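Hello,

Here is the structure I promised to pass on to you. Have a look at it first, and then read on for my notes on what turned up.

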Amino acid sequence: MKKRKIILIGGGGHCRSCIDVIEAEDKFEIAGIVDVQQKLGEKISGYKIIACDKDLPLLSKEQKYFLITIGQIKNPDKRRDMFKYLKKLKIELPVVVSPFAYVSKNSFIGEGTIIMHKAFLNAGAAIRKNCIINTGAIIEHDSIVNDHCHISVGSVVGGNCTIEEGTFVGGNSVIANNIQITGGVVIGAGAIVVKSITKRGTYVGNTARRL
């Protein structure tokens, strides 16, 4: 089957990781990367930066598929704003899934989301739009991760949890079963969350507390 061309938006470290997943999945051919004007012509993992943000309206007429490869450490605003802008341009944002991840046939993944190597999505899990489920992260049964969230490397979301929009779950953190987390929360690396979180803020430690 002929591979579809895709444009990546954001040329940092997260982009390199996304490229590994895209190459492994082998469904898309990377046609180029969008980043700041000063980086035009540079290469990321062998792929050229061909355009900057102001070129996106033109690119949207030439290419159909785009993926946001801007990283998300704590703040989701850049990824969320770019997602909304691309949707106005009527750009298609596919789901990208590593062949080395486990994704239950009874789970759901929304547009623009990437599931990275060794991630695990159990039955009934739902990952909404424009999320990063990073390397080795586990989303247990019947949990919902809403739009623009980043579930970071090696973190665990227990069963029957709901994580609201724009939340960042740091590496190697654990969210116990039946937990609700409001939007825009930051869970620090290694935190253990055993109670639902209803106030925005940054939560760290075992058990997690608000800074």
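**The pocket and what surrounds it**

Helices H1 and H3 each supply at least two residues to the lining of the largest pocket. Please keep in mind throughout that this is a predicted model. H3 makes the biggest contribution to that lining, with 3 residues. The pocket holds about 280 Å³ of space, and 16 residues line it. Gly10, Gly11, Asp35, Ile70 and Lys78 are the ones that lie nearest its centre. Sorted by class, the lining has 7 polar, 5 nonpolar and 4 charged residues.

**The mixed sheet**

Both of those helices pack against strands, so to speak of them properly I should turn to the sheet. This open sheet has 5 strands in the order S3-S4-S2-S1-S5, and its pairing is mixed. Its edge strands are S3 (43-44) and S5, each of which pairs on one side only. H1 packs on the sheet and touches S1, S2, S3, S4 (47-51) and S5. The direction of H1 makes about 165° with that of S2.

Which strands does S1 pair with? On one hand, S1 (residues 4-9) runs parallel to S2 (residues 28-34), and 6 bridges join the two. Within this pairing, Arg4 has Phe28 as its bridge partner, and Lys5 has Glu29. On the other hand, S1 pairs in the parallel sense with S5 (residues 65-68) over 4 bridges. There, Ile7 stands opposite Phe66.

Two helix placements go with these strands. S1, H1 (residues 13-25) and S2 together make a β-α-β unit, and the unit is right-handed. H3 (residues 77-88) lies across S1 and S5 and runs at about 165° to S5.

**The parallel sheet**

Further along the chain you will come to another open sheet, this one of 6 strands with parallel pairing, in the order S7-S10-S13-S16-S19-S22. S7 (102-103) and S22 (192-193) stand at its edges with a single partner strand each, so one side of each has no neighbour in the sheet. As an example of the pairing inside it, S13 (residues 138-139) and S16 (residues 156-157) are parallel and share 2 bridges. Ile138 stands opposite Val156 in S16.

**Two backbone spots to check**

Most peptide bonds are trans, and most residues other than glycine have a negative phi. With that in mind, here are two places to look at in your viewer:

- Asn206 and Thr207 are joined by a cis peptide bond, with omega about 0°. Thr207 has its place in the loop between S23 (202-204) and S24 (209-210).
- Lys90, a residue other than glycine, has a positive phi, near 60°. Lys90 is found in the loop between H3 and S6 (96-97).

Happy browsing, and do write back with any questions.

Best wishes

Definitions and conventions. Residues numbered from 1 in each chain as written. Predicted model: local features only at pLDDT ≥ 70, side-chain atom pairs only at ≥ 80, totals over all residues. Heavy atoms only, no water. Pairing = 2+ DSSP bridges. Right-handed = clockwise from strand over helix to strand, strands pointing away. Contact = heavy atoms within 4.5 Å. Axes fitted to C-alpha atoms, helices over the stretch in contact; angles between N-to-C directions. 1 Å grid on protein atoms, 1.4 Å probe; cavity = no way out; pocket = protein on both sides within 12 Å on 5 of 7 lines; lining within 4 Å. Points joined across faces, edges and corners; volume = space filled by probe spheres on them. Nonpolar A, V, L, I, M, F, W, Y, C, P; charged D, E, K, R; others polar.
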